[in-house]
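Me: Please take a close look at a single part of this chain, the helix near the C-terminal end and what surrounds it, and then place that part within the rest of the model. I would like one connected account rather than a list.

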Amino acid sequence: MSAEDATPMEASATTEVDEKLYSRQLYVMGHEAQRRMMASKALMIGCSGLGVEVAKNCILAGIHSLVVVDPLPPNTYDVGGNFFLKPEDVVADGAISRAEICRPLLAELNPYVNVSVASDVTALTAEQLVPLLDTGITCLVVTIPLSNELLVTLNEKCRSVNASFVYSLSCGVFGQVFCDFGSAFVCADKDGNPPATSQIESVFQEGTKVVVKVLEDLGRHALESGDMITFARLKGLSGLESNKNYTVNVTSPYMFEIEGAAIEETGGKAQQGYITQVKQPVTIAFETYEKRVAEPGECMMSDFAKFDRPLLLHKSFQALEEFRSNQNDGEFPTPGDTIACTKVLDIVKAAVSAAGEDALTSAQERIVLQLASGSKAILSPMCAALGGIVGQEVLKACSGKFSPINGFFFLDADETLPDEILPADEVAAQNDGTRYDSQIACFGKEMQAKLLDLNYFIVGAGAIGCEMLKNWALMGVGCGPKGHVTVTDMDIIEKSNLSRQFLFRSKDISDFKSSAAASAVQGMNPGMNITALQEKVAPDTENVFGDTFYDKLSGVCTALDNVEARLYVDQRCVFYQLPMLESGTLGTKGNTQVVVPGMTENYGATRDPPEKSIPVCTLKNFPSQIQHTLQWARDYFEGEFKQSAEDVNSYLSQSSEEYLSTLQPNNKTETLKIIRRTLVDDRPMTFEDCVGWARLKFEDLFDNQIRQLLHNFPEDQVTSTGTQFWSGSKRCPVPINFGLDSKCEDAEMFNHLDFIVAAANLRATMYGIKGRTDKEYFKATLNDVIVPDFTPADGVKIAANDAEAKANDNDTMDTGDVEADRIWNSLPKKADLAGFQLAPIDFDKDLDDHMLFVTACSNLRALNYQIPTEDTHRSRAIAGRIIPAIATTTALVAGLICMELYKIVGTSRRAQNIEDYKNGFLNLAVPFMTLSEPTAPKGTKCVFKGKEWEWTAWDSISFDRGNVTLGEFMDYFETEYNLDISMLSYGVSILYSFFANKKKVEERKKMTMTDVITSITKKEFPEDQLFIILEVIANDKDTDEDVDLPYIKFRFRA
């Protein structure tokens, strides 16, 4: 039976997941949910802008098949949001439907997904649509306007065939979503959070209850009453069973009770073990579209500043549909048609009156009129945002994972719109062969011209970068005679990118992301003026991205995956007074931040606390979590397969004098020992030597070192305070006896064999020896390896904590004396090794042989310390610090941030205030979204030029008087600002200070500012640099009080 013929559950058990393609998504959905999606079939009605976004996200996610229904031809508004349609597809005869045009392009997105068109459907009627739901459909999603009568019929049919029903519309800057997943939808994982885990500190009996306290230094247990847990690796806890489900009653963030359980006396042994939450499925009841239209009930909110907006938009969308179906021959109002828009408003007013509600305010009437006027418009940002939301709802229906939207959800960005409906001639369709009629319908021709002439810089061409560039191509950003887009990204395209970076195809693998993305968006809009670079944006590339570059920009968009780079770009934006569009995702979670010069705080104004590092002593001797063992394994990989090779190559490539001068005194002897081992003692000549080396390393790491540790700290060791040494987070280890067929319980991996195979092959690669992986060969070779006996030694220092480790390091400071000289003299002559080089191996989480070693090495150490092991997939995420990602969240945040770009560009018919801008926080799994006003920049008060001045990070003191001398600069400050400079600095260089040598000061005062700086830094300024940033400490000449000033923006070139 094929996967296509199998039921979803049967297919979920048999379908193989392409982990290379879905790598980052699997950390969001998990293998089981992914298999369910791969066995699901969706039916989509409508292939305009929203439809193609939903389809794109579902296909990238990897559902089994998608059937597209849309017999309608493209129109001039469709091309504003549908990136697969081109203006030339809008033809008078409409011979080819939207679905037929888009199908082959959608199919290119994922070869595993079957994309087809229901070509037999020639009209959107119940007679033609309902039978399609009898073909094994998992979810129906409707993305174009249909009559309420037809929607009710389709919804009822979905219920009868146990299919989920999703309906969504995008009308200008307004959108709605409705979901009905049936009367009893089973959600396997309501929030997508990893199961909560903790370690036991103590357990005691209290009547009929067992009370458990977790280790506080590892954080709260994150459980709720009613949750179920299991125990693992229990020690000193007779009575509790491993792998049995227990229901908890939470009493505090660090304690919970288990009713009806009992523990026995432990005889004073330390109590240890692991607690893992067992996530339980929940059943969710939905109501039909027909019932919710009449009584919408509680709607999911998106902006709590608009608490009345959902019900208003519900009435408005219903009124719009009534007008379309009953008064306007199936068409929404023409943009700017005040008569038609007023009719829609009248329908809303009648509904309000009939319900006995308060009359609409003028602000509410404006919303209704703007929705009606722009209802035909298909805007790329709104389609992207809704496409992300709706796409995730379809995936929830297909996978049974995450909580669906229950009922209605509404989204709007009315702040982008002018205060009043624009005149008809300002918003009329141009039909000029461009993509911009939808935007003109909402914002008018004036704002569209501004968009075309924008000059934007986007940093990053990954998932968010692709979505942003796609949106910009459809919006026309950088497509005018004065407009331009610059994109930079150093990365090349890998297979794992294809499941969420939709501008790339298989043919693009190994190409630069920026170049492929630029080429793809130019295909969507040939008018886009775009330059692709492969430069890092950092201090060392300011010769590329310098003053003249930023001086031409309208703004910057960050599409980065690390905070450090964001902070640097943020500093550039603050200095050059540029808006910054910032967004990020973490699985189903996302955030957006709009930074507006002078109005909002900058990105770097608030920062998350730094991640806690793992104590060195924990890594070396006392791990208690798989994160500890994986970090240890990664560190070992770097030292053994990279650092040792680099040390040897440095030794061979430099003269003796040069090399010795590079060695640090505190590790000179150890470095030379490594070189000797690598070049002489352990140098392999054959692959058999590599296998033998790997076997001896196994013995040393997982048996000998553990036995030495236990010799120093026996299992019954007691501290000076009388407590057991091996207690709390210190887990008493056990040595491992090598067994080729040994398999671990949790991850079900052959860690012993995997370690030998991976280590031997990595060692061979380092020395340029051909490797092999067949088990029989290893079995035969390992039989010939002689493993020396080991006896723990006395006098070996092992630190019990970080303080002892530091003291030990100080006691054993390497001074490079007699032993170092002896080792140095024993090294082979470089002339005898002419041309010999080792191949250092950089760890790459996406290379399976690298991850096989790290996973096996980590799991073996975990087995030493009785820590639950992990498989390669999960280990890859932890060791590689992989950020979970899925296309739906990416599309949503890109759509939301592009909505903010509309506000930044603005219209002369509306003044923007800080409350008009929105930062976003969202989680599609829950689901949750909140859009809120950005924070204003923090002010600093000072008295400046006799008046109180409150300045922010956006402010500076501009000095534009040319490259004056230091003396002239100081005189100007004294006469112009009545300030006496006590210190002036450029970066870390002090240019002037009141305590400096008087003669030196007088010499510098006669020099130009740039000459002073170059004389100190010994560096010349790049030819395109225009500004210097100076920091000043100054006193008021009248009061002698310190004046807290912003930096000085000194322009030394015209």
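Reply: What follows starts with one helix, moves to a neighbouring strand, and then turns to other parts of the chain.

The model is predicted, and the values given here are computed from it. The helix in question is α34, which spans residues 1009-1017, and its buried residues are Met1009, Thr1010, Val1012, Ile1013 and Thr1014. The cover over these buried residues includes the helices α32 (966-977) and α33 (998-1005), together with the strands β27 (979-986), β28 (989-993), β29 and β31 (1048-1051). Directly after α34 comes Lys1018, which has a positive phi, near 65°.

One of the covering elements, β29, takes in residues 1027-1036, and Asn1035 has its place in this strand. Asn1035 counts as buried because its relative accessibility is 14%, which is under the 20% cut-off. Leaving aside residues up to four places away in sequence, Asn1035 touches Asn978, Leu979 and Asp980 on the one hand, and Asp1040, Glu1041, Asp1042 and Val1043 on the other.

In the division of the chain, domain 3 covers 939-1051, while domain 1 covers 197-278 and domain 2 covers 616-880. Between domain 1 and domain 2 the C-alpha centres lie 35 Å apart, and the contact between these two domains involves 12 residues of domain 1 and 17 residues of domain 2.

A helix pair offers a second packing arrangement to set beside α34: α29 (residues 848-864) and α30 (residues 872-879) pack with their axes 10 Å apart and at an angle of about 90°, which means that α29 is roughly perpendicular to α30. On the α29 side the contact is made by Asp848, Met851, Val854 and Thr855, and on the α30 side by Thr872, Ser875, Arg876 and Ala879. By residue type, this contact of α29 with α30 divides into three nonpolar, three polar and two charged residues.

A further buried position is Lys470, which is located in helix α16 (residues 463-475) and has a relative accessible area of 0%, so Lys470 counts as buried. The side chain of Lys470 is joined to that of Glu53 by a polar contact of 2.4 Å. Apart from residues up to four places away in sequence, Lys470 touches Glu53, Lys56, Phe83, Ser380, Ala384, Phe502, Val521 and Met524.

Notes: Residues are numbered from 1 along each chain as its sequence is written. This is a predicted model: local features need pLDDT of at least 70, side-chain atom pairs count only at pLDDT 80 or more; totals for chains, interfaces and linings use all residues. Side-chain values use heavy atoms; hydrogens and water are left out. Helices (H or I, at least four residues) and strands (E, at least two) are DSSP runs, numbered from the N terminus. Buried means under 20% relative accessible area, exposed over 50%, partly exposed in between (1.4 Å probe, protein chains only). Contact means heavy atoms within 4.5 Å. A polar contact is a pair of N or O atoms within 3.5 Å; within protein, one must be able to donate a hydrogen and the other to accept it, and residues adjacent in sequence count only if both atoms are side-chain atoms. Axes are lines fitted to C-alpha atoms, for helices over the stretch in contact, and angles run from 0 to 180 degrees between N-to-C directions. Angles under 35 degrees count as roughly parallel, over 145 as roughly antiparallel, 65 to 115 as roughly perpendicular and the rest as oblique. Ala, Val, Leu, Ile, Met, Phe, Trp, Tyr, Cys and Pro count as nonpolar, Asp, Glu, Lys and Arg as charged, and the others, Gly among them, as polar. Domain bounds come from an automatic or database domain assignment.
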